[in-house]
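Subject: Structure handover and findings

Hello,

Here is the structure for you to look over. My notes follow below it.

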Amino acid sequence: MLLAIDVSSRRLDLYSRYRQDGHEYEITESFSNEVTAIAARLDDYSKQAQKLGYTGLSFVVEPSGRYEATLTQTALDRGHSVWRVNPERMYKAGVIHHGDGGKSDPLDGRVLYMLGRMGKARRLVPLPAEWQRLRELGKWLEDCTLIAADLRIRIGTLRRSLFTDYHQSTDLSWGATGRALQECYGFDPRKVTAGSQARFIARMKAHRPGLPKRCLMSIWEQAQHSCKAALPADHCRMVSDQLSHLWRVWSDHTRRKRQLEQQMIAVVDGLDPEHWIPPLFPGFNKRMRAKILGETGPLRR
């Protein structure tokens with residue numbers, strides 16, 4: 001028995017049809033999008049379906065910002081099948097069905113039911129627990145990567161407004177030299193030139209051993225030039241504070257990325273040997289393999 005359910009944050013609108021004694025009947029109902037209400041209605045419909053001669057229940061839904069998760073998980077836990085309709089396909093089918101592409105809750109259940117009967121839905125097959133963990137970690141890693149990339153752009157903009165004549169390469173700006181300059185002086189040329197050149201070089205080398213002296217001398221000269229075109233003192237302090245804040249946030253996300261990558265690698269290393277795991281080769285390391293498997297799931301599927 002196919003049940004189409006239009007999902008919203010608080011309500012579930014159900015639509016279905018069934019045959020009895022040669023006649024076709026429609027079912028329309030709304031109930032709360034809560035675990036107890038969903039479980040009760042699913043158990044009730046399961047009993048009704050058996051009485052009507054159906055072998056079980058199938059649900060067809062449209063992904064709706066995770067609001068469908070409670071329904072789908074409850075249905076799967078009770079042994080029912082769940083099918084999902086692509087939102088773009090749902091939109092186009094709505095235009096065909098009732099001539100309107102706008103959101104129309106009373107009619108969406110009918111459209112879902114139509115697509116389910118036409119076979120225009122994909123069955124939801126839950127991943128094994130370890131693959132679910134890998135996928136969730138991969139999503140978090142992607143979120144963390146995007147946030148860190150945005151922060152890096154914002155940090156670069158603030159650095160250029162503060163240290164106008166800084167002309168080091170990207171690798172130096174974000175490598176050991178740039179990190180030391182940020183952590184010791186907040187990337188502020190006024191703070192760099194507040195003491196002597198020798199003191200600047202000594203402090204940077206003590207903070208990050210191995211920094212090249214020639215590079216540090218060049219930064220010192222660029223800091224001197226930047227001070228001539230520096231922002232007003234109060235504006236400079238404001239930019240410096242914001243830059244320090246963004247740097248801390250970026251550093252936290254960078255550390256979190258490394259943690260997530262290591263967790264993903266550990267999950268892949270612990271997968272059952274029956275799963276086919278691609279071998280490593282130059283250019284294809286454990287981190288890359290874990291990220292790809294987090295996207296695909298088990299490759300034998």
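Which residue forms a salt bridge with Glu261? The partner is Arg287, and the closest N and O atoms are 4.0 Å apart. Bear in mind that this is a predicted model.

**Salt bridges**

Start with that pair. Glu261 sits in helix 11 and Arg287 in helix 12 (residues 286-296), so the bridge ties together parts that are 26 residues apart in sequence. Glu261 counts as buried, at 15% relative accessibility. Arg287 is partly exposed, at 34%.

A separate group is worth a look on screen. Glu29, Arg41 and Asp44 form one network, joined by salt bridges that share partners.

The count for the model is ten salt bridges. Another of them pairs Glu183 with Arg208, with the closest N and O atoms 3.4 Å apart. This one also links distant parts of the chain. Glu183 is in helix 7, while Arg208 is in the loop between helix 9 and helix 10. The two are 25 residues apart. Glu183 is partly exposed, with a relative accessible area of 37%. Arg208 is partly exposed too, at 26%.

Helix 11 also holds a local pair. The side chains of Asp252 and Arg255 meet in a salt bridge, 2.3 Å from N to O. Both residues lie in helix 11, three residues apart, or about one turn of the helix. Asp252 has 43% relative accessibility and counts as partly exposed. Arg255, with 42%, is also partly exposed.

**Nonpolar cores**

In soluble globular proteins, nonpolar side chains tend to be buried together. Here is what this model shows.

The largest nonpolar core has 29 residues. Leu181, Phe200 and Met204 have the most contacts inside this core. Which helices each supply at least two of its residues? They are helix 5 (129-162), helix 7 (176-185), helix 9 (197-207), helix 10 (213-228) and helix 11 (233-269). Helix 11 gives the largest share, six residues. Helix 11 therefore supplies core residues and also holds Glu261 of the bridge to helix 12.

Met204 is a good place to centre the view. What does Met204 touch, leaving aside its neighbours within four places in sequence? The residues in contact with Met204 are Thr177, Ala180, Leu181, Tyr185, Leu211 and Leu216.

Apart from this core lies another, of 20 residues. Among its members are Val7, Leu12, Phe31 and Val61.

**Cysteines**

How many disulfides does the model contain? The count is zero. Why is there no bond at Cys227? The closest cysteine sulfur, in Cys236, is 8.4 Å from the sulfur of Cys227, which is too far for a bond. A disulfide would need the two sulfur atoms within 2.5 Å. Cys236 is accordingly in no disulfide, its nearest cysteine sulfur being that of Cys227.

Are these two cysteines buried or exposed? Cys227 is partly exposed, at 28% relative accessibility. Cys236 is buried, with a relative accessible area of 5%.

**Where to look**

For a quick tour, take the Glu261 and Arg287 bridge, then the Glu183 and Arg208 bridge. After those, go to Met204 and its contacts, including Leu181 and Leu216. Finish at Cys227 and Cys236.

Best wishes

Conventions:
Residues are numbered from 1 along each chain as its sequence is written. This is a predicted model: local features need pLDDT of at least 70, side-chain atom pairs count only at pLDDT 80 or more; totals for chains, interfaces and linings use all residues. Side-chain values use heavy atoms; hydrogens and water are left out. A nonpolar core is a set of buried Ala, Val, Leu, Ile, Met, Phe, Trp, Tyr and Cys residues joined through side-chain atoms within 4.5 Å. Buried means under 20% relative accessible area, exposed over 50%, partly exposed in between (1.4 Å probe, protein chains only). Helices (H or I, at least four residues) and strands (E, at least two) are DSSP runs, numbered from the N terminus. Contact means heavy atoms within 4.5 Å.
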